[in-house]
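Welcome, and please have your viewer open and your selection tool ready. We will go from one stop to the next, choosing something to select each time and saying what is there.

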Amino acid sequence: MTVQPNSMEARDKAYHMHSYTNARALERDGALVMERGEGIYVYDNNGKKYIEGMSGLWSVAVGFGENRLVEAATRQMSKLPYYHTFTSRANGPSIELAEKLVQMAPVPMSKAFFTNSGSEANDTAIKMIWYRSNAMGKPEKKKIISRIKGYHGVTAVSASLTGLPNNHRSFDLPLPGIFHTSCPHYRAFKLEGESEAAFVERCAKELEDLILREGPETVAAFIGEPVMGAGGVIVPPAGYWPAIQAILKKYDILFIADEVICGFGRTGNMFGTQTFDLQPDFMTLSKQISSSYQPISALLINENVYAPIADESAKIGTFGHGVTAAGHPVAAAVALENIAIIEERDLVGNVRALAPKFQSRLKELEGHPLAIEARGIGLIGALELAPREGFATGQLGPKLFSIMVEKGLISRAIGDSLALCPPLIINESQLDVLFDTFEASLDVLK
Ligand code: PLP
């Protein structure tokens, strides 16, 4: 891409360091600057139209340009643009949203606690767990188990939970006391001749071995996404979650379901917790909670988690944790309106109606000579490319991604897997165009 002097791209290169970007490559090539969005489409600053096949970052459930969210934000901005939730203060939208989330939860939950990002929600969950263990007179019960390829964010604690090398390398992470157990990606990690059932059994045994090695009395919690997203869209095999949950129960280990991607309809139920019949003590929510029109995240905690923490806060005099914009009234008002749209338009029903087509078109691509595996559930999926001579691991994915961008489709390259996670408002003919473009891009790569 040639960058014109004084263009947005040139100013971006001059002044802006980006998240998750090779900074030197950005200095050389510039960024793709988006200007506006409408439905499932975004337009760059040269007017080129793209299907946003990733809902931004797995998040714009109701699509771009949703005026009801703009109006909800504007109404709240003029009424009370900000108020905090520290020291027994509150604001209307945060109260209403807390009530709504607790009522929506598919398992009994007592309270909602607000933060601004998925990372902060998971970070807060771990701090709550440490606080709770101290409150319960079990200061040794602090270790946390996460999974290889799990993604839980980037704050020092959340990046430690994340099981991906780029989140640890050169950051001196993970922090001590955070461990990673096996990833339930059957095709990638099965042993030769191992059945899916035997693989599940081995994943469960590896978790149990880790707990026993560390000492069950020292392990406080396990965190997992119902379906791994940023690790490559990994849907666990049948039997995986029941086997994992049985072990957590056996050793009195709390379960945090990271619903940051799965929450609010993505897998064909309102929460991944329902799709996989989970019994979490914590649910962490973000992204589709507000379709990312405003930054907001929430933790839902059950009474078993809440009660000791509440007692300890009474003993100390405060629960010494929280961020300035927690329960931000504008973000909460937007989240409430967004959830109302998801419910009124039955977007979960739309996911269920379109999932068979989405998954079968993805599965057809598995037959392409360049592909090795299609995987997904609901309206989330990924196609993994087969290794190819002349290309190092992780090179083909970004190459295909660029071809798709040329053709007006935004996906996400995760190594050599291309992920799709379109807005939940997508319709059948748009889905066809999306997959036709995917297929045509594969043919270019051929
Ligand atoms: N948890 C999951 C499952 C995620 O996918 C993400 C972000 O992609 C996070 C947590 C972190 O959220 P954030 O980027 O808002 O900090």
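The domain bounds used on this tour come from an automatic or database domain assignment. Keep in mind as you look around that this is a predicted model.

**Stop one: the two domains.** Select residues 32–62 together with 346–445 and colour them as domain 1, then give 70–344 another colour as domain 2. If you place a marker at the centre of each domain, taken over C-alpha atoms, the markers for domain 1 and domain 2 are separated by 26 Å.

**Stop two: where they touch.** Now turn to the contact, to which domain 1 gives 25 residues and domain 2 gives 23 residues. On the domain 1 side, select α3 (55–58), α14 (347–366), β11 (371–377), β12 (380–385) and β15 (417–420); each of them supplies at least two residues to the side that touches domain 2. Which element gives the largest share of that side? Highlight α14, which contributes five residues. Colouring this side of domain 1 by class shows 15 nonpolar, seven polar and three charged residues.

**Stop three: a sheet.** Next, show the open sheet of four strands, ordered β1-β2-β3-β13 with mixed pairing. β1 (34–38) and β13 (409–410) are at its edges with a single partner strand each, so one side of each has no neighbour in the sheet.

**Stop four: one strand pair.** Zoom in on β2 (residues 41–44) and β3 (residues 49–52), an antiparallel pair joined over three bridges. To finish, pick Y43 and look across to K49, its bridge partner in β3.

Methods
Residues numbered from 1 in each chain as written. Predicted model: local features only at pLDDT ≥ 70, side-chain atom pairs only at ≥ 80, totals over all residues. Contact = placed C-beta atoms within 7 Å. Nonpolar A, V, L, I, M, F, W, Y, C, P; charged D, E, K, R; others polar. Pairing = 2+ DSSP bridges.
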